[in-house]
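Visitor: Before we begin, could you walk me through the terms used for this structure and show how each one is earned?

Guide: Gladly; here is the structure, and we can take the terms in turn.

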Amino acid sequence: MVRGELDLVIEWAASENWNPGLHDADAFWAADPSGFWIGLFDGQPVAAVSAVKYSRDYGFMGLYIVRPDLRGCGHGLAIAQQAMAYLEGCNIGLDGVVEQQENYRKSGFVVAHRNVRYVLNAPAFASSEPDDRLVPLSGLPFEDVARYDRQFFPADRSAFLRKWIAQLGATAIGFCEEARLLGYGVLRPCRSGFKIGPMFAETPEIAASLLTRLIASARPGEQVFLDVPECNPRAVDLALRFGMDATFETAQMYTHGAPDIGMDKTYGITTFELG
């Protein structure tokens, strides 16, 4: 793809009710501008996939979509094979919707855990107690944020992270104590409502403080979504404690097994409206 074609595909995703973030594309494009593919038929775009390569060893596939009027013709398989070839040699991850998981298994992907999307309506009078340990990420050295993030992702993603935490309309908050970053979370605007992700924390109490502040940053009455890895029961408990309802599930799948990252401290994941 060229950058303008990605905007077209984001519109496709929106028409499928995937609810992409308003500025997600810029961050993922910054991570790997070569990792986006579009399929043409008779010179017209018909299929797309992202295959973002974060390192020599790790890549992630998503944004896998075929135009509705041309599904079942092999265009999806063709472009998926292109993405797999681009990520050859990597442990490839994806977030698979239920109806596609068997197809992904046939392509060599194995389920690591479920991700469950939770939602609530932001309260009209949301507030959080003042806490000087909660600080804007923009006020912290970026190197500290990237170093903390590295515990929870299989590769360095600094190029992505710079864009992600600074995107227009986002709230990016860190929890600091004694000059140490002990958690952070990002809330961003989407086509409908807001999504929180990622959100990492050393303890459930820190996660609760971050979640409270992030929800308070959303527009009252708007939906707030949080994609929770089910393999972290404390994250599930937190979502339920906040009165969030489960609405959707996917499976985190990998070709070479689940990476050794801090899932026990992961309370919300980042999604690029994956297929």
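Guide: This is a predicted model, and a good place to start is the second largest pocket, which holds about 170 Å³ of space.

Visitor: Which residues line the second largest pocket, and which elements give two or more residues to that lining?

Guide: The lining consists of L140, P141, D144, R147, Y148, Q151, C176, A179, R180, L181, L182 and E202, and the elements that contribute two or more of its residues are α5 (142–149) and β8 (180–189). Sorted by class, the lining of this pocket has 7 nonpolar, 1 polar and 4 charged residues.

Visitor: What makes a space a cavity instead of a pocket?

Guide: A space is called a cavity because a 1.4 Å probe fits there but cannot get out, whereas a pocket is an open set of points. By this rule the count comes to 2 cavities of 30 Å³ or more, and the largest cavity has a volume of about 380 Å³.

Visitor: How many residues line the largest cavity, and which of them lie nearest its centre?

Guide: There are 29 lining residues, and those nearest the centre are F60, F153, R157, Q252 and T270. At least two lining residues each are supplied by β2 (44–53), β3 (58–66), β5 (110–121), β9 (194–201), β11 (245–254) and β12 (266–268), with β3 giving the largest share, 4 residues. By class, the lining of the largest cavity has 18 nonpolar, 9 polar and 2 charged residues.

Visitor: Turning to the helices, why are α2 and α6 called roughly antiparallel?

Guide: Helix α2 (residues 24–31) and helix α6 (residues 158–165) pack at an angle of about 160°, with their axes 7 Å apart. Angles over 145 degrees count as roughly antiparallel, and α2 and α6 are therefore roughly antiparallel to each other. The crossing in which α2 passes α6 is right-handed. Their contact is made by D24, D26, A27, F28, A30 and A31 of α2 together with A159, F160, K163 and W164 of α6, and by class it has 7 nonpolar, no polar and 3 charged residues.

Visitor: What makes α1 oblique to α2?

Guide: The axes of helix α1 (residues 3–15) and α2 come within 11 Å and cross at roughly 135°. The ranges set aside as roughly parallel, roughly perpendicular and roughly antiparallel are under 35, 65 to 115 and over 145 degrees, and the rest count as oblique; the angle of roughly 135° therefore makes α1 oblique to α2. The crossing of these two helices is right-handed. In the contact, R3, L6 and I10 of α1 meet A25, D26 and W29 of α2, which by class amounts to 4 nonpolar, no polar and 2 charged residues.

Visitor: At what angle do α5 and α6 pack, and which residues make the contact?

Guide: Helices α5 and α6 pack at an angle of about 115°, with their axes 10 Å apart, and α5 passes α6 in a right-handed crossing. The contact is made by F142, E143, V145, A146 and D149 of α5 and by S158, L161, R162 and I165 of α6; by class it has 5 nonpolar, 1 polar and 3 charged residues.

Visitor: Where is the cis peptide bond, and what is its omega?

Guide: The cis peptide bond joins G197 and P198, and omega is about -5°; P198 has its place in strand β9.

Visitor: What is notable about the phi of D42, and where does D42 lie?

Guide: The phi of D42 is near 55°, a positive value in a residue other than glycine, and D42 lies in the loop between β1 (36–41) and β2.

Definitions and conventions:
Residues are numbered from 1 along each chain as its sequence is written. This is a predicted model: local features need pLDDT of at least 70, side-chain atom pairs count only at pLDDT 80 or more; totals for chains, interfaces and linings use all residues. Side-chain values use heavy atoms; hydrogens and water are left out. On a 1 Å grid over the protein atoms alone, a cavity is a set of points where a 1.4 Å probe fits but cannot get out, and a pocket is an open set with protein on both sides within 12 Å along at least five of seven lines; lining residues have an atom within 4 Å of a point. Grid points are joined across faces, edges and corners, and a volume is the space filled by probe spheres set on the points. Ala, Val, Leu, Ile, Met, Phe, Trp, Tyr, Cys and Pro count as nonpolar, Asp, Glu, Lys and Arg as charged, and the others, Gly among them, as polar. Axes are lines fitted to C-alpha atoms, for helices over the stretch in contact, and angles run from 0 to 180 degrees between N-to-C directions. A crossing is left-handed if the near helix is turned anticlockwise from the far one by less than a right angle, and right-handed if clockwise. Contact means heavy atoms within 4.5 Å.
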